[in-house]
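Biologist: Before the terms in this description are accepted, I should like each one set against its cut-offs. May we examine the model in that way?

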Amino acid sequence: MNTPKSLAALRAAWEPLACRFCIMALHHLELARWLCAAAMVAVSLLAGCAALPGDVHRVASQARTDVGDSALARIAAASLPVPDGTMSEAAGISGVRLLPGGDQAFDARIALAQAARHTVDAQYYVVADDSSGRQFLRELRDAAQRGVRVRLLVDDLYSGGDDEMLGGLAAHANVEVRVFNPLPVRSGGLRTRVLLSLHELGRVNRRMHNKLFIADNSFAITGGRNIADEYFGRSKPANFIDMDALLAGPAVRALSASFDAFWNGPLSYPFEAIAAGGHPAPAAARDRFAALARGLGRFMPPADEPDALGRRPVGAQLAQGRIELAPAKVRVVADAVVQGPSAGDAGDAGGSVEETAGPQGREGAVMAANLDLFRTARSEVLVVSPYFVPMPRMIEALAHASRGGARVSVMTNSLATTDEPLVHFGYARYRGALLQMGAVLYELMPASEPHPAWSDTEGGRGSLGRLHAKLAVVDRRWFYVGSMNMDRRSAHCNTELGLIVDSPALAGELADLIQRVRMPASFTVSEAARRGGLQWSFLRDGRRWVLHREPESNWAQRLRWSVLSLVVNEDFL
């Protein structure tokens, strides 16, 4: 048994060792990697090899289909692009609406939860213990108290330490909470839990990055946003610039199939089976949850205030009985729950199965679908990803599009705006190759503008905007939106969920939004013809400025993160 004092001593011993190993990488990269791996294993062995419970009882459940009497089902049918919603269903046409604004994206989730009468299914990488997370969980509790069946599935990496909120929610009738792929060590801070779980490195590295919300199997929201203040413009000093999609029609049933596959899979553990510490009595857990959720107001965007695409809030449209949706063919792609050459998961809206493989094989289904889409390009490929570390097959797919005459543009964070500088340096080593093949690179500038998101009407005013949207637009006809970053971790380690949408109207709208709002607020990265190396150009106050080094960084920062990026395997960035 390890005491808090012994764990603190292990951590104190580990951190200086890690620094020495990273410095050693300057002289001998492979030796440093081996020493780092050996040290991590040694610390894990000293800490004791914790293990997950072996005999876990899971009750299987599926999305309900008997929801025709739900108000949401009627509104979904009325909102589909033909007068008779059943005709749209038979033709395989879904209704889609983009949600660029954080305030409206949060309002949409809350409004759907309040309108649900049968089921709410939610699947997230992060549900934070902040005002947004607590309000979200409170709405799930309130729905359950109305008799709605609530299923909440969260990834374990960041949910450790939130047992009070999750346990309090799980103590309510009609609620079940499950945790995806929990670490063997669940108590303590994130670094401690990861460090003491390294004897199961494969488990530590397999994370569920999906983001999905489904109400009455009638409406669904998926995209890049987790549940936390910074995704909804409610945080300082930084908020994420992100994108979700709201859907009705056949695509919702395919998303429900994906949820069910994860919910009933072997890596999803009932919360009660793995919660750290003792279990309070259900009544006490419910009382504590009520105390934590008390006094939280609900921010509602003004009913007549449009988002960056000119659409009114979802809650206001729900109240009027119809949501403005665009008709589209939607292909739902989802990575497999369990890695392996024969593992599959819910595929397109017709219910087909996509295959995925592990780190030693090919990329997962979501990345494969995007690469296939890039290769079809004839005029334009526009990629937006906060973390961009391209694998050879992605470079090949983009180069194929460029050789075929398509203009290839990539937008990502700059070092000054990223929250993952290590990943940025993983990307930086590919800038030259991308430029050589003809790609245009954009890196988001720190906010010189007063508002960090897609429009001046959004929340989070005065805070730093960080790109978090995961998007791709091809030939202004198809677009991708989902949870997957265009990097190796998303391709090989995480599970991801996304949509490939065939809609010239929405694809053109999305491309225009990116080019009108985000590109002017970004550095254009190019090769410096006379000086050699790279340069970063931008417009400000009507003048064009050019920088010849990484913007808003010093040599010490650049050295530290570039060295660390050499030590860490790119699949793990």
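**Aromatic pairs**

Modeller: A search of the whole structure finds 9 aromatic pairs, where rings of Phe, Tyr and Trp (its six-membered ring) count as a pair if their centres lie within 6.5 Å, and planes under 30 degrees apart are stacked, those over 60 edge-to-face and the rest tilted.

Biologist: Why is the pair of Phe106 and Phe232 called tilted?

Modeller: The centres are 4.9 Å apart and the planes meet at 55°. The distance is within 6.5 Å and the angle is neither under 30 nor over 60 degrees, so the pair is tilted.

Biologist: What makes Phe106 and Phe232 a tie between separate parts of the chain?

Modeller: Phe106 belongs to helix 5 (residues 102-115) and Phe232 to the loop between strand 6 (219-223) and strand 7 (238-241), so the rings tie together parts 126 residues apart in sequence. Helices (H or I, at least four residues) and strands (E, at least two) are DSSP runs numbered from the N terminus. This is a predicted model, in which local features need pLDDT of at least 70, side-chain atom pairs count only at pLDDT 80 or more, and totals for chains, interfaces and linings use all residues. Residues are numbered from 1 along each chain as its sequence is written, and side-chain values use heavy atoms, with hydrogens and water left out.

Biologist: How do you know whether Phe106 is buried or exposed?

Modeller: Its relative accessibility is 2%. Buried means under 20% relative accessible area, exposed over 50% and partly exposed in between (1.4 Å probe, protein chains only), so Phe106 counts as buried. Phe232 also has 2% and is therefore buried.

Biologist: Why is the pair of Phe388 and Tyr427 called edge-to-face?

Modeller: The centres lie 6.3 Å apart and the planes are at 70°; that angle is over 60 degrees, so the term applies. Phe388 is in the loop between strand 13 (380-384) and helix 15 (392-403), and Tyr427 is in helix 16 (residues 421-428), so parts 39 residues apart in sequence are tied together. Phe388, at 1%, is buried, and Tyr427, at 2%, is buried as well. Elsewhere, ring pairs link Tyr124, Phe136 and Phe213 into a cluster.

Biologist: What makes the charged end of Arg234 count as sitting over the ring of Phe106?

Modeller: The rule asks for NZ of Lys or CZ of Arg within 6 Å of the ring centre and within 35 degrees of the ring normal. Arg234 is 4.8 Å from the centre of the Phe106 ring, and Arg543 lies over the face of Trp545 at 4.3 Å from the ring centre.

**Asp260 and its neighbours**

Biologist: How do you know that Asp260 and Arg151 share a polar contact?

Modeller: Their side chains are joined at 2.8 Å. A polar contact is a pair of N or O atoms within 3.5 Å; within protein, one must be able to donate a hydrogen and the other to accept it, and residues adjacent in sequence count only if both atoms are side-chain atoms. Asp260 lies in helix 10 (residues 250-263) and is buried at 11%. Leaving aside residues up to four places away in sequence, Asp260 touches Ser61, Gln62, Ala63 and Arg151, contact meaning heavy atoms within 4.5 Å.

**Salt bridges**

Biologist: Why is the link between Arg288 and Glu164 called a salt bridge?

Modeller: The term requires a side-chain nitrogen of Lys or Arg within 4 Å of a carboxyl oxygen of Asp or Glu. The closest N and O atoms of Arg288 and Glu164 are 2.8 Å apart, so the pair qualifies. Arg288 is in helix 12 (residues 282-293) and Glu164 in helix 7 (residues 163-170), so the pair ties together parts 124 residues apart in sequence. Arg288, at 38%, is partly exposed, as is Glu164 at 42%.

Biologist: What makes Glu380 and Arg476 a salt bridge?

Modeller: Their closest N and O atoms are 3.5 Å apart, which is within 4 Å. Glu380 is in strand 13 and Arg476 in the loop between strand 17 (471-474) and strand 18 (478-482), 96 residues apart. Glu380 is buried at 11%, whereas Arg476 is partly exposed at 29%.

Biologist: How many salt bridges does the rule give?

Modeller: The count comes to 23.
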